Amino acid sequence: MQVTSITEYAPRAGALVEFSARVVGNPEPSSIPPSFNQRFHLGDLGEAERVWIAGAFDVPGSLDVGALGWAFEYLIDRHDTLRSSFVSTTTGVERVLYGPGSIEMTQSARSAFSSTSTLRDHLRTSLELHCDTRRFPSYTCFGIDRPDTSTVLCAFDHANVDAMSIAVVVDEIRALYEAHRRCPSRPEVDLPPVGGFVEYCRIEATEPLVKPTDERMAAWSNFLLDCGGTTPRFPFDLGVAEGETAVQATTVDTLLDASQTLHFEHLCARFGAGLFAGVVAAIAQAVADIGGPDHVPFLFPLHTRHRPQFSRALGWFTTNAPMTVRVGADLPDTIRTAHSAFRSALPLSTVPIPQVLANLGDAFTLSRQDVFMVSYIDYTKVEGHERFDESNAHHISNATVSDDAQFWISRTRSGLALRSRFPDTAVARSVMSAFVDELVALLRASTTNAGIGPQTPLAHVGGDTA
């Protein structure tokens, strides 16, 4: 799975097939509120920002339009978050639910594009229109039809999905599409039962309050107060004045190839750590090496799919934990401290963020739109990952505006990659170039000097994951 942004996505030219959704069912009001992530994303529905995520993959031969429309309808019926909508009321934002069979997908347009850039620009405009939380459905799908290999792209407003959901979408749409192509009259579908995100939201709404005296609450409060009573920031000037934003820049870099990643994983395992701790240790080390501080605070997202029925569900199943990496004498020493910090941070992910902010009260101010965060996904542990490389699978995010740096680390069978999001200023591009160069140099040097290799039994590799 290649993680990128729409500005960096380069689909091969072809005929773009667009679909429109027709609502044929009536919604029922639901007493289950939006999740915390959804409430934060929705805000005032009239001012909601366009934040969408898409999954794209290739299929052999010309596009089967009927198979794709059927597959997407099946996905909607299977996952209740895609039949969930939100309306503004006098008491806030409330949920309404549509039943299975309420959405029909039909081809609405077909346009030939002779260049990647014009195709991408048209896609971006269409996604801005359709993946809008103020409308229902707030998602859509496309096909790029070519004689040899076609591309399927499914996109969703962030309220419907998270990063792991995109991996599920790619795997399930592919399976459904192939099933319909084999037998259009009676497709044989072999997908496991799945829970619903709406039920997850019900469970989240009943979580007990964490007492202000709880040590987890105290740790959260101390972390945010150490950040100045606000969220953590990437510790360099990025050329954006306080309270302002700039157009988002995106870079995608290969950190390590597959062999180097395995070497680095074994190096981390020597200290009981996993790849996540190793990578954030290298990030902190690189920050210090280019003139930054010797301690780097940030947030990192974790999935909340702990119940089996949610493992393959679509939805926004994430929370965050705070972590500070203190730079040691060298990278191995920093990996040790990062591993310890990671283990200490994990229990804090069980404290709901709204309760943390309520506990701090006026001592906390959200001073920036973005939060300095480091996300990590190991796609090699995702069911169906073997087909991601074969089908040229992509995770594609929107590009909006930015006022801080954010990092997405992805591990695939090809190795370790970094997607960086930051303000598009000359200052930020200079800082990020120096930072990424140092990060890559550190990681690759560590695999050369580790003195261990992939012959070490994988059973010995353990430690943290995120």
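What follows is a chat between a biologist and a modeller about reading a predicted model.

Biologist: Let's start with the whole chain. How many helices and strands does the protein have?

Modeller: Bear in mind that this is a predicted model. The protein has 12 helices and 17 strands. Its radius of gyration is 22 Å, close to the 23 Å that the globule rule gives for 466 residues, so the protein is as compact as a globular protein of that length. If you prefer a box, the C-alpha atoms fill one of roughly 65 × 55 × 45 Å along the principal axes.

Biologist: What share of the residues counts as buried?

Modeller: For burial, the cut-off is under 20% relative accessible area. Here, 54% of the 466 residues count as buried. As for the outside, the protein exposes about 19200 Å², and carbon and sulfur atoms supply 51% of that area.

Biologist: And what about contacts and charges? How far apart are the centres of the positive and negative sets?

Modeller: Contacts first: among those with a separation of 6 or more, 82% come from residues 24 or more positions apart. On charge, there are 37 positive and 54 negative side chains, and the centres of the two sets lie 4 Å apart.

Biologist: Now strands. How do I read one, say S4? Is strand S4 enclosed or open?

Modeller: The general idea is that side chains in a regular strand alternate between the two faces of the sheet. For the case at hand, S4 covers residues 52–60, and seven of its nine residues are buried, so the strand is largely enclosed by the rest of the structure.

Biologist: Which strands does S4 pair with?

Modeller: Look for bridges. Nine of them join S4 to strand S9, residues 149–157, and the two run antiparallel. To find your place in that pair, look for Ala54, which stands opposite Ala155 in S9. S4 also pairs with strand S14, residues 394–397, in the antiparallel sense over four bridges. There, Ala56 has His394 as its bridge partner.

Biologist: How do I spot an edge strand? Which strands are the edges in the S3-S6-S5 sheet?

Modeller: Check how many sides a strand pairs on. Three strands form this open sheet, in the order S3-S6-S5, with antiparallel pairing. S3 and S5 (84–89) are the edge strands, as each pairs on one side only. Six bridges join S5 to S6, which spans residues 92–97. In that pair, Phe86 stands opposite Arg95.

Biologist: Arg95 is handy to know. Which residues does Pro33 touch?

Modeller: Leaving out residues up to four places away in sequence, Pro33 touches Arg95, Cys201 and Ala205. Pro33 itself sits in the loop between strand S3 (28–29) and helix H1 (36–42). Its relative accessible area is 32%, so Pro33 is partly exposed. Chain distance and spatial distance are separate readings: Pro33 and Glu94 are 61 residues apart along the chain, yet their C-alpha atoms are separated by 6.1 Å.

Biologist: Let's try backbone angles. What should I look for?

Modeller: Most residues other than glycine have a negative phi, and most peptide bonds are trans. One case to look at is the peptide bond from Phe136 to Pro137, which is cis, with omega near -5°. Pro137 lies in the loop between helix H3 (116–130) and strand S8 (139–145).

Biologist: What is the phi of Asn392?

Modeller: Asn392 has a positive phi of about 55°, although it is not a glycine. You'll find Asn392 in the loop between helix H11 (386–390) and S14. With 33% relative accessibility, Asn392 counts as partly exposed.

Biologist: Two more to practise on. Is Thr412 buried or exposed?

Modeller: Thr412 has 14% relative accessibility, so this residue counts as buried. It's found in strand S16, residues 406–412. Beyond its sequence neighbours up to four places away, Thr412 touches Met1, Tyr379 and Thr380.

Biologist: And where is Glu438?

Modeller: Glu438 is in helix H12, residues 426–449. At 25% relative accessibility, Glu438 counts as partly exposed. Its contacts, not counting residues up to four places away in sequence, are with Ala286, Asp289 and Ile290. You can also compare Glu438 with Ile283: they are 155 residues apart in sequence and 8.9 Å apart in space, C-alpha to C-alpha.

Conventions: Residues numbered from 1 in each chain as written. Predicted model: local features only at pLDDT ≥ 70, side-chain atom pairs only at ≥ 80, totals over all residues. Heavy atoms only, no water. Buried < 20%, exposed > 50% of the residue type's maximum accessible area, 1.4 Å probe, protein only. Contact = heavy atoms within 4.5 Å. Rg over C-alpha atoms; globule rule 2.2 N^0.38 Å. Areas by Shrake-Rupley, 256 points an atom, 1.4 Å probe, with all protein chains shown as cover. Lys, Arg positive; Asp, Glu negative; His and termini not counted. Charge placed at Lys NZ, Arg CZ, Asp CG, Glu CD. Pairing = 2+ DSSP bridges.
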